Amino acid sequence: MNVLKLKELVIKDFKSIKEQTFVFDDEPERYHIVGGNGTGKTSTYDAWCWLMTGRNSEESTQFSVVPIVDEKVVEDAKTMVEATVEMNERTVKLGKSLINGSITYYINGKARTATDFQDTLQLIEVEDIELFKILSKPDYFTSMHWKDQRAWLVKITDEISLES
């Protein structure tokens, strides 16, 4: 079974977040993002989703990632999201930046094309956006219609044999 582990998430000038780094070890039960309204909880998840899928947590591609300070857009922001992920003993650093309206993709610190970036996501098996949401958004699966839940359970589990 393939397991995708988020090892580090770095966010700069993304929505309400000026700069934040999260480092994760092998004890996922230790990590909870909590805080009052407007402290960056949703922005943190939006940053992760934007990097991996180009969408925000509400599945929209039409949203602003640039920071707003005192109700004004920061024009010269250098928005960047970077994640170090591990799958099957392979570690890769993925990044995306938005500077002056231009998106640049990074793989292991080197600028790459959007196609190269998508190919890398497929190698670490993040090509299925629906599965990504099921695995990364805690309440997504339970909000699905029961028939969709059943279909996904059948899809992601191994074949079950009735024989002993």
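## A tour from the first hairpin

Start at Ile11 and look across to strand S2: its bridge partner there is Gln20. Keep in mind that this is a predicted model. Stay on the pair of strands around this bridge.

**Stop 1: the S1-S2 hairpin.** Select residues 4-14 for strand S1 and residues 17-23 for strand S2. The two strands run antiparallel and are joined by six bridges. Now pick Lys12. Glu19 of S2 stands opposite Lys12. Move to the turn. Two residues lie between the strands of this hairpin, and Lys15 takes a positive phi near 50 degrees.

**Stop 2: Glu19.** Select this residue in strand S2. Is Glu19 buried or exposed? Its relative accessible area is 54%. The cut-off for exposed is over 50%, so Glu19 counts as exposed. Show what touches it. Apart from neighbours within four places in sequence, Glu19 is in contact with Ile11 and Lys12. Next, draw a distance from Glu19 to Thr79. The two are 60 residues apart in sequence, yet their C-alpha atoms are 9.7 Å apart in space.

**Stop 3: across to S5.** Go to the other partner of S1. Select residues 78-87, strand S5. S1 and S5 pair in the antiparallel sense, over eight bridges. For a marker, label Leu4 and Met87: they stand opposite each other, with Met87 in S5.

**Stop 4: the whole sheet.** Now show the strands together. Which order do the six strands of the open sheet take? Read them across as S2-S1-S5-S6-S7-S8, with antiparallel pairing. S2 and S8 are the edge strands, each pairing on one side only. Turn the view to follow the strand directions. On average, neighbouring strands are turned by 20 degrees against each other, direction ignored.

**Stop 5: two more hairpins.** Select 90-99 for S6 and 102-107 for S7. Six bridges hold S6 and S7 in an antiparallel pair. Label Leu98, then look opposite for Ile103 in S7. At the turn between S6 and S7 there are two residues, and Asn100 has a positive phi near 55 degrees.

Carry on to S8, residues 110-112. S7 and S8 are antiparallel too, with three bridges between them. Tyr105 has Arg112 of S8 as its bridge partner. Here again two residues separate the strands of the hairpin, and Asn108 takes a positive phi near 50 degrees.

**Stop 6: helix H1.** Select residues 41-53. This helix has 13 residues and spans 18 Å from first to last C-alpha, close to the 18 Å expected. H1 lies across S1, S2, S5, S6 and S7. Its direction is at about 110 degrees to S1.

Colour H1 by accessibility. How many of its 13 residues are buried? The count is 11, so mostly covered is a fair description of H1. Among the buried residues are Tyr45, Trp48, Trp50, Leu51 and Met52. Just past the end of H1, click Gly54, where phi is positive at about 80 degrees.

**Stop 7: Asp46.** Go back into helix H1 and select Asp46. Its relative accessible area is 2%. Buried means under 20%, so Asp46 is buried. What is Asp46 in contact with, beyond its neighbours within four places in sequence? Show Phe14, Lys15, Arg55, Asn56 and Ser57. You have met Lys15 already, at the S1-S2 hairpin.

**Stop 8: zoom out.** Show the full chain. Five helices and eight strands make up its elements. From the N terminus, they run β-β-α-β-β-β-β-β-β-α-α-α-α. Of the 164 residues, 33% count as buried. Among contacts with a separation of 6 or more, 46% link residues 24 or more positions apart. Switch on the surface. The accessible area is about 11000 Å², and carbon and sulfur atoms account for 50% of that.

**Last stop: confidence.** Colour by pLDDT. The chain has a mean of 83, with 88% of residues at 70 or more. Where is confidence lowest, and where highest? Select helix H3, residues 129-136, for the lowest mean, 73. Strand S8 is the highest, at 95. Where pLDDT is low, the predicted coordinates should not be read in detail.

Technical notes
Residues are numbered from 1 along each chain as its sequence is written. This is a predicted model: local features need pLDDT of at least 70, side-chain atom pairs count only at pLDDT 80 or more; totals for chains, interfaces and linings use all residues. Side-chain values use heavy atoms; hydrogens and water are left out. pLDDT is the predictor's confidence in each residue, from 0 to 100. Helices (H or I, at least four residues) and strands (E, at least two) are DSSP runs, numbered from the N terminus. Two strands pair if DSSP finds at least two bridges between them. The expected span of a helix is 1.5 Å times one less than its number of residues. Buried means under 20% relative accessible area, exposed over 50%, partly exposed in between (1.4 Å probe, protein chains only). Axes are lines fitted to C-alpha atoms, for helices over the stretch in contact, and angles run from 0 to 180 degrees between N-to-C directions. Contact means heavy atoms within 4.5 Å. Accessible areas come from the Shrake-Rupley method with a 1.4 Å probe; for residues, only the protein chains shown count as cover.
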